[in-house]
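Here are some notes for a colleague who is opening this entry and would like to know how its two chains fit together. Please read them with the structure in view.

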Number of protein chains: 2
Amino acid sequence: MTGFIPEETSDEDVEAERTTYGPIASVLRELAESSIRTQVSPEKAAEAVRALEQVRDLLNSDLGGASYGVRIRQDGTSRAWGNNVIGVRNPLAPPLTIHHEPDHVWSEFTLGPQYEGPPTLVHGGVSSLILDQLLGEGAAAAGHSGMTAYLNVTYKRPTPLGRLRAEARLDRVDGWKAYMVGSISDDEGVTVEAEGLFIRPRWARTIPEDSATLRFD
Amino acid sequence: MTGFIPEETSDEDVEAERTTYGPIASVLRELAESSIRTQVSPEKAAEAVRALEQVRDLLNSDLGGASYGVRIRQDGTSRAWGNNVIGVRNPLAPPLTIHHEPDHVWSEFTLGPQYEGPPTLVHGGVSSLILDQLLGEGAAAAGHSGMTAYLNVTYKRPTPLGRLRAEARLDRVDGWKAYMVGSISDDEGVTVEAEGLFIRPRWARTIPEDSATLRFD
C-alpha cells in the first residue's frame with residue numbers, strides 16, 4: 001500500500017486544474033447549504049434535481065481514477081485535492097488552508113449549516129475530523145509525518161457554527177512516533193482540545209523525510 | 001441554549017419534505033464524487049459551473065432559517081435532516097441510517113472518494129466523526145442522551161473506502177454520564193475503535209428522558 005501517485009506536472013498544469021475544476025467544488029459547497037435551507041416549491045425542487053442530474057452526467061462523461069489520491073510532483077510538492085478536509089476539489093471540505101509557522105500550524109475557516117450537529121452548533125465529530133487533519137499536518141510540518149494511531153478529543157464547551165480557528169503543535173517525539181496537541185477556538189477562546197499520536201508506517205520509513213512529500217492525511 | 005424547534009407537522013408533511021428535498025441532496029452527493037473525479041474539458045467544466053450557479057440561485061430564491069436545527073414533532077419524534085452525518089437533506093452526510101437493537105446501535109454504509117484521507121483510505125477524522133455520531137445515538141437509544149464530553153479514537157489499521165459497518169453500545173452509566181464504546185469494521189474486521197463520554201447538559205436535565213426527543217448529535 002502506498003497509493004501515492006508520482007507525476008510530471010508543470011506549474012501551469014496545476015494552476016489549470018485549479019481554475020478549471022476548483023469552481024465546481026466551490027459552487028457545490030454553496031449548494032450544500034442551499035439543499036438544507038431551501039423552501040422552494042416541489043416544482044422548482046424537481047427542476048433543480050433535473051438540472052443537477054444533467055450536470056452530473058456532463059461531469060461523469062469523462063472520469064479519472066476511483067479516488068483522487070495524493071499526487072506527488074517531481075519537485076516534491078503534493079496535491080491531496082480530494083481530501084475530505086483540505087481538498088480544493090472536494091465539496092465536503094470547507095476547505096481548510098493550513099498555514100505553517102516554525103512551531104505550529106493553524107487555520108481559520110468558516111463552518112456553515114452543513115457542519116451542524118446539535119442545533120446551531122458544530123457537530124462534535126466535525127471538530128474531531130478537523131483536529132485530526134490539523135494534528136496530522138502539524139506532525140508532517142514538524143518533520144514527523146505519520147498516520148493517526150490514536151486521537152483523543154475533549155469538548156470544553158459547545159462550538160458555534162461560523163468563524164473558527166484551529167491550531168496544532170508537536171508535543172514530543174519518540175522514534176517514529178510524534179505526539180501532537182491542538183485545539184479549536186471561537187472568539188471566546190478554546191472549545192475543543194485534542195491530543196494525538198502519529199506513527200510513520202513501516203513501508204514509509206525508508207523514504208527521506210520531506211513534509212511536502214509524505215502525507216498521510 | 002436549546003435550539004430545538006417544536007412543531008406541529010403531519011406525517012404527510014414530513015414525507016412531502018423528504019420526497020421534495022431529499023433528491024436534491026442525493027444528486028449533490030453524486031456530484032461531490034463527480035467534482036473530484038471529472039476530467040472534462042475547461043469548456044464543459046465552465047458550462048457545469050454556470051448550470052450549478054443557476055440551480056443555487058433557484059434554491060436560494062426561498063430560504064428557511066440559517067441552519068436546519070433539530071425539529072421536534074408533537075409525537076416526540078425528531079428530524080435532524082441537516083446533520084452532518086445523518087441528515088437526509090445534507091449532501092455532506094453519507095447519510096447514515098442508524099438501526100437500534102436492544103443492546104446496541106449499528107449502521108452499514110458506503111464511503112466514496114469524497115471521504116478520502118490517505119490515498120484510497122477513509123480519512124482518519126471521518127472515522128472519528130462517524131463514531132461520534134454512533135456513540136451519541138447509542139447513548140440516546142440507551143436512555144442516556146447527552147453531548148460529547150470526550151471521544152478517544154484508536155486506529156487499529158487503515159480503513160478502506162467502500163462498504164463499512166459501525167456500531168456502538170453503552171459500557172456503563174454514572175449519573176448523567178454515559179460511557180459508550182464502538183467500532184468501525186470492514187470485511188476483514190475492526191479497523192477503528194472508540195470510547196466516549198456523553199453528558200446530559202444541565203439545562204436538559206429536567207426534560208423527561210425520551211430517546212426520540214432529546215438529541216445532541
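1. In this predicted model, helix α3 (residues 124–141) of chain A packs against helix α3 (residues 124–141) of chain B at an angle of about 160°, and their axes are 8 Å apart. Since angles over 145 degrees count as roughly antiparallel, α3(A) and α3(B) are therefore roughly antiparallel to each other. The crossing of α3(A) and α3(B) is right-handed.

2. Which residues make this helix contact? On the side of α3(A) they are A:G124, A:G125, A:V126, A:S128, A:L129, A:I130, A:D132 and A:Q133, and these meet B:G124, B:G125, B:V126, B:S128, B:L129, B:I130, B:D132 and B:Q133 in α3(B). Sorted by character, the residues of the contact of α3(A) with α3(B) comprise six nonpolar, eight polar and two charged.

3. The two chains also share an open sheet of twelve strands with antiparallel pairing, in the order β4(A)-β5(A)-β7(A)-β8(A)-β9(A)-β6(A)-β6(B)-β9(B)-β8(B)-β7(B)-β5(B)-β4(B). Its edge strands are β4 (99–100) of chain A and β4 (99–100) of chain B, each of which pairs on one side only.

4. Where the chains join within the sheet, β6(A) and β6(B) pair in the antiparallel sense over five bridges, and A:Y150 stands opposite B:T154 in β6(B). Within chain A, strand β7 (residues 162–174) pairs with strand β8 (residues 177–186) in the antiparallel sense over nine bridges, and the bridge partner of A:E167 in β8(A) is A:S183.

5. Helix and sheet are also in contact, for α3(A) lies across β4, β5, β6, β7, β8 and β9 of chain A together with β6 of chain B, and runs at about 135° to β8(A). In chain B, α3(B) lies across β4, β5, β6, β7, β8 and β9 of chain B together with β6 of chain A, running at about 135° to β8(B).

6. Taken over the whole interface, 80 residues of chain B are in contact with 80 residues of chain A. On the side of chain B that touches chain A, at least two residues each are supplied by α1 (11–37), α2 (42–59), α3 and β6, and the residues of that side divide into 42 nonpolar, 27 polar and eleven charged.

7. How are the copies related? Chain B is superposed on chain A by a rotation of 180° with 0.0 Å of shift along its axis (RMSD 0.0 Å), which is the relation of a two-fold axis. The C-alpha of chain B nearest the axis belongs to B:N152, 2.1 Å from it. Because 100% of the interface residues of chain B are also interface residues in chain A, the copies meet through the same surface.

Technical notes. Residues numbered from 1 in each chain as written. Chains lettered and ligands numbered in written order. Predicted model: local features only at pLDDT ≥ 70, side-chain atom pairs only at ≥ 80, totals over all residues. Least-squares fit on C-alpha atoms with pLDDT ≥ 70 in both. Contact = placed C-beta atoms within 7 Å. Axes fitted to C-alpha atoms, helices over the stretch in contact; angles between N-to-C directions. Helix = DSSP H or I, 4+ residues; strand = E, 2+ residues; numbered from the N terminus. Parallel < 35°, antiparallel > 145°, perpendicular 65-115°, else oblique. Left-handed = near helix turned anticlockwise from the far one by under 90°. Nonpolar A, V, L, I, M, F, W, Y, C, P; charged D, E, K, R; others polar. Pairing = 2+ DSSP bridges.
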